[in-house]
Structures are given as C-alpha cells and as structure tokens.
Amino acid sequence: MKKVVPHGAVVKALRERLERLSTQKEMANEIGVSVRKLRMIENENAPIAVATAERLAKALQVHRERIVTSEAASVAVAETGGRAISVACMEDEDRLVPRHDYDIASATSDEGQLYSEAARSNDLACVIEAKLDDETGAYAQELFDILGGLTWERRSILEDIPPATEIALRRRLRQLIVLLRGNDVWIYQTSVLRRLPERYTVAEEGEPCTYQNRYVVALGPPGEYGETTMRVPIDHGQPFVLPGWSKFKKTLTAETDVPAGVR
C-alpha cells in the first residue's frame with residue numbers, strides 16, 4: 001500500500017483553527033483512525049495511506065498537497081520501512097483550484113447521517129458509478145427523491161420536519177440502503193462548500209460572493225480490495241486560489257497575536 005508522509009505541524013495548526021473537528025478525538029473519528037494514530041501523525045509525521053491523507057485533507061478543507069511532504073520524502077520512507085520525521089517544507093506557492101474538481105466520498109450505511117447531512121445542505125448532487133437495473137434504478141430514484149426533498153432547495157430552512165415524518169423517512173432510507181447493498185450498490189457521500197455566483201474565472205479581490213453547502217451522494221460498487229472511499233466529481237461554483245503556506249502562516253500568527261479580549 002502506497003503511503004505518504006504528513007506534515008504534522010501543518011495538520012495540527014489547520015485542525016485547531018476549525019470550529020468543528022478541532023479536537024483530536026473529533027478529527028480521529030471523522031477520518032477513521034484512532035486518537036493515538038492522529039497524535040503520531042501530528043507529532044511524529046507518521047506515514048499514512050493515501051486514502052487516509054485524502055480524508056484528512058477533506059476534513060481540514062485543503063488539498064492533499066498542503067498536508068503532505070514531497071513525493072521524494074514519501075518514497076524514502078517506503079524504502080527504509082522506518083518512521084521518518086521529515087524536514088521538507090510545504091510548497092510555498094498559491095494553488096489555483098478549478099471550478100470543476102474532485103473529492104473523496106466515503107461509504108456509509110448510516111441512514112441518520114444521510115438524513116442529517118441532506119437536511120442541513122442547500123442542494124443535492126447525484127453521482128452514478130454503478131450499473132443499475134430496473135430494480136436498483138427504482139431504489140436509487142427513491143433514495144435521491146427523499147434526500148433531495150430534505151435540502152433547503154426543496155423546503156424552507158425555517159420549516160421543521162414533523163417527528164413522525166422524520167421517523168418514516170429514516171426507516172425508508174434504512175430499507176433502501178439494505179436493498180441497494182444487497183445488489184452490490186454502495187452509497188458514498190461527501191459535501192462541498194460552493195462559492196456563488198457560478199463562474200469559470202477567479203473573482204476579483206473584494207468581489208462579493210455567497211456560500212452554499214452541497215451534499216454529494218454517489219452510488220458505486222463495493223471496494224474491490226476493501227476500500228471504503230470513491231473519487232467523485234464536484235463543482236465549487238467558482239475557481240479560487242488557495243494561498244501558499246507562508247501567507248497562511250502569517251494569517252495564523254496574526255490571529256494568535258490578537259488579545260483574547262479583543263476577539
């Protein structure tokens with residue numbers, strides 16, 4: 001299994017800035033590793049699988065290249081078979097993120113997660129990477145109809161869903177998950193924060209924009225070698241620029257230098 005070397009200090013700094021997933025316990029649970037493993041990642045730059053790096057980058061809301069060292073360092077660790085503490089620096093260049101990109105979706109069989117994520121998203125995007133016959137196609141259509149109906153695009157954000165309706169919808173989602181899995185169709189999910197209005201050029205500095213959360217649900221085959229993730233296309237709404245590490249570091253320093261009483 002190919003591994004990469006994470007830049008632990010960067011991972012820790014990014015994690016601590018988050019409102020959600022800021023604790024090691026929350027982040028470890030989000031990316032599917034133990035708290036001890038996450039500590040090793042942050043404190044010892046312990047090598048991790050590419051899939052784990054992808055999940056970690058997604059949770060930190062950056063691209064994978066921002067939290068791993070150079071490819072050469074990764075190869076060196078693989079060849080020696082030991083644990084290395086890398087001194088390689090992050091690439092210090094701004095990175096253009098295109099409007100149409102990709103993300104790593106995680107397999108789920110939790111109807112509660114599907115329900116909750118859809119209910120707090122602006123809209124739903126569907127990706128079909130599995131062969132569907134009449135039976136599975138009908139299940140898929142019902143699944144997407146239920147999830148799409150929960151999004152703010154289809155219902156008012158101020159509208160509460162009656163408890164009886166929620167229970168019935170969750171029960172049906174659970175049934176659909178079982179029916180699809182029984183036909184070797186897995187459900188994968190992720191979410192993306194989109195910048196609007198939609199455009200294909202980078203917005204001018206200071207140009208106003210709004211943000212919306214899109215829930216992406218994909219249907220695909222089960223992992224051939226036990227994988228629980230799948231690469232899916234996403235739409236950011238606009239292309240944007242991720243700042244280089246030095247600029248990000250300055251932002252971190254500026255924020256930590258502000259007196260607590262002034263924040």
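Start with the cysteines: a search of the whole structure, which is a predicted model, finds 0 disulfides. Two cysteines can be selected at this stop, C126 and C209. C126 has a relative accessibility of 42% and therefore counts as partly exposed, while C209, at 30% relative accessibility, falls in the partly exposed class as well.

**The whole chain**

Now zoom out and show the protein as a cartoon, where 9 helices and 9 strands make up the secondary structure. If you colour the 263 residues by burial, 41% of them come out as buried. Switching to a surface view shows about 14900 Å² of exposed area, of which carbon and sulfur atoms supply 51%. For the fold as a whole, consider the contacts between residues at least 6 apart in sequence: 79% of these join residues at least 24 apart.

**Helix 2 and its surroundings**

Select residues 24-31, which form helix 2, and show the side chains of Q24, M27, A28 and I31, which are buried. These four cover an arc of only 100 degrees around the axis, and they are therefore on the same side of helix 2. Which helices should you display next to see what the buried residues of helix 2 pack against? They pack against helix 1 (8-17), helix 3 (35-44) and helix 4 (50-60). Rotate the view to the face turned away from the buried side, and you will find the exposed residues K25 and N29.

Step past the end of the helix to G32, which follows helix 2 and has a positive phi, near 80 degrees. Then select V33, placed in the loop between helix 2 and helix 3. Is V33 buried or exposed? At 19% relative accessibility it counts as buried, because the cut-off for that class is under 20%. Leaving aside neighbours within four places in sequence, V33 is in contact with A28, L38 and T52. The C-alpha atoms of V33 and T52 are 8.3 Å apart in space, although 19 residues separate the two in sequence.

From here, move to helix 4 and select E54. E54 has a relative accessible area of 13% and is therefore buried. When residues up to four places away in sequence are not counted, E54 touches R64, Y102 and I104.

**Salt bridges**

The whole structure contains 11 salt bridges by the search made here, and several of them are worth displaying in turn. Begin with R15 and E42, whose closest N and O atoms are 2.6 Å apart in a salt bridge. Because R15 lies in helix 1 and E42 in helix 3, this pair ties together parts that are 27 residues apart in sequence. Both R15 and E42 are buried, which makes it useful to hide the surface before you look for them.

Next select D123 and R214, whose side chains meet in a salt bridge with an N to O distance of 2.9 Å. This pair links distant parts of the chain, since D123 belongs to strand 5 (residues 123-128) and R214 to strand 7 (residues 210-220), 91 residues apart. D123 and R214 are both buried.

How far apart are the closest N and O atoms in the salt bridge between R199 and E207? They lie 2.6 Å from each other. Here R199 is partly exposed, with a relative accessibility of 21%, and E207 is also partly exposed, at 31%. To end this part of the tour, select R99, R194, E198 and D235 together, as these four residues are linked in a network of salt bridges.

**A nonpolar patch on the surface**

Turn the surface back on for the last stop and select L96, V202 and V241, which make a nonpolar surface patch of about 240 Å². L96, which lies in strand 3 (residues 95-97), has a relative accessible area of 55% and therefore counts as exposed.

Definitions and conventions. Residues numbered from 1 in each chain as written. Predicted model: local features only at pLDDT ≥ 70, side-chain atom pairs only at ≥ 80, totals over all residues. Heavy atoms only, no water. Helix = DSSP H or I, 4+ residues; strand = E, 2+ residues; numbered from the N terminus. Buried < 20%, exposed > 50% of the residue type's maximum accessible area, 1.4 Å probe, protein only. Contact = heavy atoms within 4.5 Å. Areas by Shrake-Rupley, 256 points an atom, 1.4 Å probe, with all protein chains shown as cover. Disulfide = S-S within 2.5 Å. Patch = residues over 30% accessible without salt bridge, like charges linked within 9 Å, V, L, I, M, F, W, Y side chains within 5 Å. Arc of directions from axis to C-beta.
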